[in-house]
Amino acid sequence: DNVFFEVINEPDSFVTVGWKTFIIDTILNTESNLPKQHMISQCNPSVLNPKASMYSFHYGTPDNLIESYHWNKPIGNGETGFSGPYDYAYRTQGWQWILSGGATYDNLDYSFTAQHPDGTACCPVQGPSGGGPELRRQLGILLNFVFSFDFVNMAPDPELVVSYVPNEAWVGVLGHKDKTQWAVYVNRTTFVVLEVRVPVGFVYDARWFNPITGDFDKSESFPGGVYSLVSPSFEADVALKITRRNVM
């Protein structure tokens, strides 16, 4: 269930559209009579193949998602790295990507070596990339947070947040199509005040979530309309879960 085919890793100009089309068709034809078919990802697509199940970028940014969301297929971030050895860079990249509407996120993990195939090697402080059990634990917290929502029915929803301070913060929002759930992620600050607008006539629960510990650090309820939510203080980033009452 966790396997998909990628065609092709970081294709250069010598990889023709015809070759990629042939490979995708070959996979589809080969698996057509098998009990399980796998998704096919087209990496860094210059020409979209409509038979691909999903598309992916390497070193993708939220701007890539904004520009390509109209493709209406899952979009992955297939490789990140070279931002130093510290967990913060890759944790925040993952949260930003997924909370901007991305479907998958993975990164180079230098803790897997021939001597340490279990991923326990120490990444050098001066090394180009990071990884290790602690980063994987933190990315697992992101996974659990996402799974607490009806994620497949959510999409970027910039209309939730009317304004925020400080203005140097980065804010990403996913909203449910029924306006019953929102997932918010904030970084580049140590506190934030969000002015949000939600449909009137309902009561909402807001729970501030710590991406490092996986704990909810503050909760409150508020009425529909425009309302200001004040975060607890945090180390580097924070998430927020908003749900309409009687909706899990």
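**Close-up 1. Strand 10 and strand 12 run antiparallel and are joined by six bridges.** Strand 12 covers residues 237-244, and strands here are DSSP runs of E with at least two residues, numbered from the N terminus, just as helices are runs of H or I with at least four residues. Two strands are said to pair if DSSP finds at least two bridges between them. Within this pairing, the bridge partner of Ala206 in strand 12 is Ile242, and Phe209 stands opposite Ala239 in strand 12. The model is a predicted one, in which local features need pLDDT of at least 70 and side-chain atom pairs count only at pLDDT 80 or more, while totals for chains, interfaces and linings use all residues. Residues are numbered from 1 along each chain as its sequence is written, and side-chain values use heavy atoms, with hydrogens and water left out.

**Close-up 2. Strand 12 also pairs with strand 9, and its residues are buried on both faces.** Seven bridges join strand 9 to strand 12, and these two strands run antiparallel, with Trp182 standing opposite Ile242 in strand 12. Strand 12 is mostly covered, since eight of its eight residues are buried, where buried means under 20% relative accessible area, exposed means over 50%, and partly exposed lies in between, as judged with a 1.4 Å probe on protein chains only. Asp237, Ala239, Lys241 and Thr243 point one way from the strand, whereas Val238, Leu240, Ile242 and Arg244 point the other way.

**Close-up 3. Strand 10 pairs with strand 7 and with strand 11, in both cases antiparallel.** Strand 7 (residues 161-165) is joined to strand 10 (residues 193-209) by four bridges, and Val165 stands opposite Val193 in strand 10. Between strand 10 and strand 11 (residues 216-230) there are 13 bridges, and here Val203 stands opposite Pro223 in strand 11. The hairpin of strand 10 and strand 11 has six residues between the strands, and in this hairpin Gly214 takes a positive phi near 80 degrees.

**Close-up 4. Aromatic rings form pairs and a cluster, and two arginines place their charged ends over rings.** Rings of Phe, Tyr and Trp (its six-membered ring) pair if their centres lie within 6.5 Å, and planes under 30 degrees apart count as stacked, over 60 as edge-to-face and the rest as tilted. By this rule the count comes to 14 aromatic pairs. One of them is the edge-to-face pair of Phe202 and Tyr204, at 6.5 Å centre to centre and with 70 degrees between the planes. Phe202 is partly exposed, at 36% relative accessibility, whereas Tyr204 is buried, with a relative accessible area of 0%. One aromatic cluster is formed by Trp95, Phe145, Phe149, Trp170, Tyr185, Phe209 and Phe216. The charged end of Arg207 sits over the ring of Phe216, 3.7 Å from its centre, and that of Arg244 sits over the ring of Phe202, 4.1 Å from its centre; a charge sits over a ring if NZ of Lys or CZ of Arg is within 6 Å of the ring centre and within 35 degrees of the ring normal.

**Close-up 5. The largest nonpolar core has 24 residues.** A nonpolar core is a set of buried Ala, Val, Leu, Ile, Met, Phe, Trp, Tyr and Cys residues joined through side-chain atoms within 4.5 Å. Trp95, Trp97, Ile98, Leu99, Phe145 and Ala183 touch the most other members of this core. The elements that give two or more residues to this core are helix 3 (87-98), helix 4 (133-147), strand 8 (170-176) and strand 9 (181-187), and helix 4 gives the most, with six residues. Leaving aside neighbours within four places in sequence, Ala183 is in contact (heavy atoms within 4.5 Å) with Leu99, Phe145, Phe149, Met154, Gly172, Val173, Leu174 and Leu240. A second, separate core of 20 residues includes Leu160, Ala169, Phe222 and Leu240.

**Close-up 6. An open sheet of five strands has the order 1-2-3-4-5, with parallel pairing.** The edge strands, each pairing on one side only, are strand 1 (4-7) and strand 5 (104-105). Two bridges join strand 4 (residues 75-79) to strand 5, and the bridge partner of Asn77 in strand 5 is Tyr105. In the loop between strand 2 and strand 3 (54-58) is Val47, which is partly exposed, with a relative accessible area of 46%.
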